[in-house]
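Reader: I would like to learn how to read a protein model feature by feature. Could you walk me through one?

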Amino acid sequence: MVFNWNTLDQEMIKDINQKKILQLLQKRREMTKQEMSQILGLSIPTISNNINELMKEGLVEEGGVADSTGGRKPVIIRFLPDARFSFGVDISTQHVHIVLTNLDSQIRHQVKFPFSRMETIEDIMKKIAERIQEIIKEQQIEGKKVVGIGFSLPGTVNEEIGNLEMAPNLGLYHISFKNRFSSFYSVPIYIENEANAAALGELHLGVAKQMQNLVYLSIKEGIGSGIVIQGHLYKGKNKRAGEFGHMSIIANGKYCNCGRKGCWELYASVQSLLSLYKKTLLEDEPYITLDYFFHQLDEKEQEAQKIWNMYLEYLATGIQDIILSLDPHYIVIGGDISLYGEHLLPSLKQKVFVPNSFYEEEDNTLVVSALQENASVLGASLLPLHNLLFYNDSVL
Ligand SMILES: [Zn+2]
């Protein structure tokens, strides 16, 4: 068989054109073909052909006519946000969060449930599949409108082959996730690491819609991070770029599970903040949560203030290293600590932007995640939409 490159190129161009049209319509909601042609620089026949196909697929519809200065009134084409749906599933170390979203990433329905250490990944995945079936039924969603299910996982993910390489907090290593669990669903499944999924969420739905370079920091029990460069997720050769949580910030510091010493997450994660605080109180009580800590900080308790100051120094040191290595537009702080943004940001900025020869406060923007606890799950729900909506981002 002779391989026809020409046909392949044409298919690719058509695919990109359709995504461009759909993206533009999603932004503007409704437009005439003439307006699309002007903005996208495509001919009216090209726009018409593509619109016809998009209408056949039920993604857009004709809706009324626009005013005209003479001649035939142009037809308005309308974007249909509920034409397709996607599921995002965030599996963290203790619970599962499922969202059903439409093409605008509006959450139509969501559920959260905990799981125990006794449950295997097989058990958890079975439960997730059952819940998704229930949601489709309850919400009366036509099965063919569901484009897929995106999973956000707490570990190193090879999204190309669909493998979960390692998730030490779940005790999982080398799981062929896609192979093993695809049969649970009648639609395609996609996987990504939780911080990378959150970074995608921030890129498309959160703070970084304009400027496309960002580092997302998920500050929870550990520190995960996701890097976006010029709108592309950067994962590196072995899919583990941005393991900033394991940068050594203290020479000969504490021993880390990873085999190194002085790792950043041993000093700047939520867990380390709370354990530092518990140590000064000489108490190890379950009531000492982040809420309790920030309450004591508000009450100006001395121990809390001292620990907070120390913690911020550690957190700032790692962020300074990230600014020096990547110079991103945004550093987005997510994870549990991001719920306390008003405590965090002003004092953290002071510590990060100390006088130095390289950067000033205006150079890089430090923000708290706009999507907060939904960043990873919304990012995961975007994964199945790639084939439909996104033409300009990939994984590097
Ligand atoms: Zn480490």
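**Reading the model, feature by feature**

Author: Gladly! Let us begin with one residue: Val 60 is found in strand β2, which covers residues 60-65. Keep in mind that this is a predicted model.

Reader: Is Val 60 buried or exposed?

Author: The cut-off for buried is a relative accessible area under 20%. Val 60 has a value of 3%, so Val 60 is buried.

Reader: Which residues is Val 60 in contact with, leaving aside its neighbours within four places in sequence?

Author: The contacts of Val 60 are Leu 22, Leu 25, Ile 51, Leu 54, Met 55, Ile 77, Arg 78 and Leu 80. For a sense of distance, take Leu 172: its C-alpha atom and that of Val 60 are separated by 43 Å, and the two residues are 112 apart along the chain.

Reader: Now the metal, please. Which residues coordinate the zinc ion?

Author: His 246 gives its ND1 atom, while Cys 256, Cys 258 and Cys 263 each give SG, at 2.0 to 2.3 Å. Written as a sequence pattern, the spacing of these donor residues is H-x9-C-x1-C-x4-C. Both His 246 and Cys 258 lie in the loop between β14 (232-234) and α7 (265-268), so this pair ties together parts that are 12 residues apart in sequence.

Reader: What is the geometry of the zinc ion's site?

Author: Here is the general idea: four tetrahedral donors have an ideal angle of 109.5 degrees. In this model the angles among the four donor atoms are 105 to 119°, and the site is tetrahedral. As for solvent, Cys 258 is partly exposed, with a relative accessible area of 38%.

Reader: How should I read a sheet? What is the order of strands in the open sheet of five?

Author: Read across the sheet, from one edge to the other: β6-β5-β4-β7-β11, with mixed pairing. The edge strands are β6 (107-114) and β11 (189-193); each has a single partner strand, so one side of each has no neighbour in the sheet. On average, neighbouring strands here are turned by 15° against each other, direction ignored.

Reader: How many bridges join β5 to β6?

Author: Seven, and the two strands run antiparallel, with β5 spanning residues 95-102. One pair to find on your screen is His 95, which stands opposite Pro 114 in β6. Then look at helix α12 (residues 375-382), which packs on this sheet and touches β4 (85-91), β5, β6 and β7 (146-153). The direction of α12 makes about 135° with that of β4.

Reader: How many residues of α12 are buried?

Author: Eight of its eight residues are, so to read this helix you can take the whole run as covered. Among them are Val 377, Leu 378 and Leu 382.

Reader: And helix α2, which residues are buried there?

Author: In α2 (residues 33-40) they are Lys 33, Met 36 and Ser 37. Looking down the helix axis, you find these buried residues within an arc of 100°, so they line one face of α2. After α2 comes Gly 41, with a positive phi near 70°.

Reader: What about a strand: which faces of β12 are covered?

Author: The general idea is that side chains in a regular strand alternate between the two faces of the sheet. In β12 both faces are covered: Leu 214, Tyr 216 and Ser 218 are buried on one side, and Val 215, Leu 217 and Ile 219 on the other.

Reader: Which strands pair with β12?

Author: Strand β13 (residues 223-229) is joined to β12 by six bridges and runs antiparallel to it. These two form a hairpin with three residues between them, and Val 215 has Ile 227 as its bridge partner in β13. Strand β15 (residues 330-334) pairs with β12 in the parallel sense over five bridges, where Leu 217 stands opposite Ile 333.

Reader: Where do I find a positive phi in a residue that is not a glycine?

Author: Try Gln 140, whose phi is about 50°. Gln 140 lies in the loop between α4 (121-138) and β7, and is exposed, with a relative accessible area of 72%. Lys 239 also has a positive phi, near 65°. Lys 239 sits in the loop between β14 and α7, and is buried, with a relative accessible area of 13%.

Note on methods:
Residues numbered from 1 in each chain as written. Predicted model: local features only at pLDDT ≥ 70, side-chain atom pairs only at ≥ 80, totals over all residues. Heavy atoms only, no water. Donors = N, O, S within 2.8 Å, 3.2 Å for Na, K, Ca; no water. Tetrahedral: all angles 85-135°; square planar, octahedral: opposite > 155°, others 65-115°. Helix = DSSP H or I, 4+ residues; strand = E, 2+ residues; numbered from the N terminus. Buried < 20%, exposed > 50% of the residue type's maximum accessible area, 1.4 Å probe, protein only. Pairing = 2+ DSSP bridges. Axes fitted to C-alpha atoms, helices over the stretch in contact; angles between N-to-C directions. Contact = heavy atoms within 4.5 Å. Arc of directions from axis to C-beta.
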